[in-house]
Amino acid sequence: MSDPSAVPGVPLSDLDYDAAEETAVLRVLRSKWLSTGPEVKQFEAEVAALLGVQHAVAVANGTAALHLALLALGIGPGDEVIQPAINFVAAANVTRATGATPVLADIVGLAEPVLDPAEVERRITPRTRAVVVMHYGGYATRLVEIARLCRARGLALVEDACHAIGGRAGGGADAPMAGSLGHLSCFSFFSNKNLAIGEGGMVTTDRDDLLAAVTRLRSHGMTSLSWERHRGHASSYDVVVNGYNYRMDDLRAALGRAQLAKLARNNDRRRALVAAYRARLREVPGVILPFAEADIAASACHLMTLVAPGAAAREAIAEALRAHGIQSSRHYPCITGFSAFAEMAENSLPHSLEFAARTLTLPLFPTMTMDQLDRVCDAVAAALRQTLAA
Ligand SMILES: *Cc1c(COP(=O)(O)O)cnc(C)c1O
């Protein structure tokens with residue numbers, strides 16, 4: 001039995017779902033076309049328009065997007081792909097799936113946990129083919145700099161923009177959109193992302209040849225989709241490369257279109273919440289707030305992260321939050337901490353290891369209330385006061 005007088009907890013993230021998503025799904029159910037079809041085409045066109053890119057290809061999830069991006073670039077055995085050691089493991093896993101080697105590089109520092117351009121420069125070898133950047137928490141603060149570096153060194157650039165839909169690389173309304181500067185850029189629409197449909201992803205590119213490669217690889221290496229054959233636009237197909245089934249279906253694309261219509265408003269709400277978090281937590285001694293100097297308006301504000309004074313303080317804050325029914329998380333362990341990547345541990349990654357030991361992610365979602373935010377900040381401040389006094 002739950003105690004009706006208890007203060008309800010605060011989840012790490014929550015969906016903004018209502019009648020719009022229900023209507024979208026019903027539209028598809030009643031059309032009786034469930035797989036890749038007109039909704040996917042529309043969703044792709046709408047995402048391409050938002051980002052100002054030539055092409056967007058909807059796929060099964062963000063990991064598939066990253067896999068296809070590397071394959072479309074022809075990356076394979078013998079190649080090296082430089083990427084941040086603080087990232088979700090997907091990029092490192094799919095780099096290995098192509099037969100290439102992930103080369104983990106350090107972040108700029110505790111206050112800016114994105115790939116350090118100087119580290120990229122330092123880790124380039126004759127085998128380096130591509131760089132994967134990840135816009136941690138929605139902040140693409142080094143994207144322009146790394147794009148310039150990749151151009152100068154003849155390297156392909158892939159954006160892991162899974163945190164950053166609707167964000168920009170730098171301040172100002174005419175700064176390029178996150179996901180518009182890479183040769184290919186990858187998005188995830190997993191349940192906890194800014195645009196959430198359960199499982200889904202997108203690859204974007206300006207290049208026709210990369211579009212063709214991604215589209216073919218998405219569907220078994222075949223030259224036409226069943227939707228096109230259904231409409232009589234094609235009657236047979238050839239298989240020209242060994243591909244996958246990484247398609248998105250129309251049900252999820254319809255959810256995506258409903259969520260996309262809410263994205264600007266929901267990202268603005270996230271920005272207001274992050275501004276409130278910063279104002280409250282700035283006063284708490286010992287805490288580092290990553291990206292505190294970055295322009296909130298340019299960020300998609302996917303995560304609200306703090307860096308505790310130490311690993312023990314991080315655990316104490318997490319435990320205090322748990323006692324108040326408040327969820328928290330860690331984005332991310334350093335990739336070298338995972339067994340499958342343990343042999344990379346001798347790489348020098350001091351900032352990444354320190355960040356992984358001290359970082360804590362606080363609740364952030366568009367339907368979060370300022371009252372919930374106050375409760376989170378009160379619990380963080382009280383826990384820190386206690387650990388600093390101890
Ligand atoms: C979510 C995420 C992914 C993977 O996306 P899935 O849709 O879960 O496969 C990859 N990279 C980052 C940074 C992510 O946040």
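Helices (H or I, at least four residues) and strands (E, at least two) are DSSP runs, numbered from the N terminus. The model is predicted: local features need pLDDT of at least 70, side-chain atom pairs count only at pLDDT 80 or more, and totals for chains, interfaces and linings use all residues. Residues are numbered from 1 along each chain as its sequence is written, and side-chain values use heavy atoms, with hydrogens and water left out.

**Figure 1. The loop that holds Lys32.** Lys32 is found between α1 (19-31) and α2 (38-51). The phi of Lys32 is positive, near 60 degrees, in a residue other than glycine. Most residues other than glycine have a negative phi.

**Figure 2. The cis peptide bond at Tyr332.** His331 and Tyr332 are joined by a cis peptide bond, with omega about 0 degrees. Most peptide bonds are trans. Tyr332 belongs to the loop between α10 (311-323) and α11 (350-358).

**Figure 3. Polar contacts of the ligand.** A polar contact is a pair of N or O atoms within 3.5 Å; within protein, one must be able to donate a hydrogen and the other to accept it, and residues adjacent in sequence count only if both atoms are side-chain atoms. A polar backbone atom of Gly62 is 2.7 Å from an oxygen atom of the ligand. The side chain of Asp160 has an N or O atom 2.9 Å from a nitrogen atom of the ligand. For the side chain of Tyr332, an N or O atom is 3.4 Å from an oxygen atom of the ligand. The ligand taken alone exposes 380 Å², of which the protein buries 92% (accessible areas by the Shrake-Rupley method with a 1.4 Å probe; for residues, only the protein chains shown count as cover).

**Figure 4. The shell around the ligand.** The ligand is surrounded by 14 residues (those with a heavy atom within 4 Å of it). The closest are Gly62, Thr63, Asp160, Ser188 and Lys193. The shell divides into five nonpolar, seven polar and two charged residues. Here Ala, Val, Leu, Ile, Met, Phe, Trp, Tyr, Cys and Pro count as nonpolar, Asp, Glu, Lys and Arg as charged, and the others, Gly among them, as polar.
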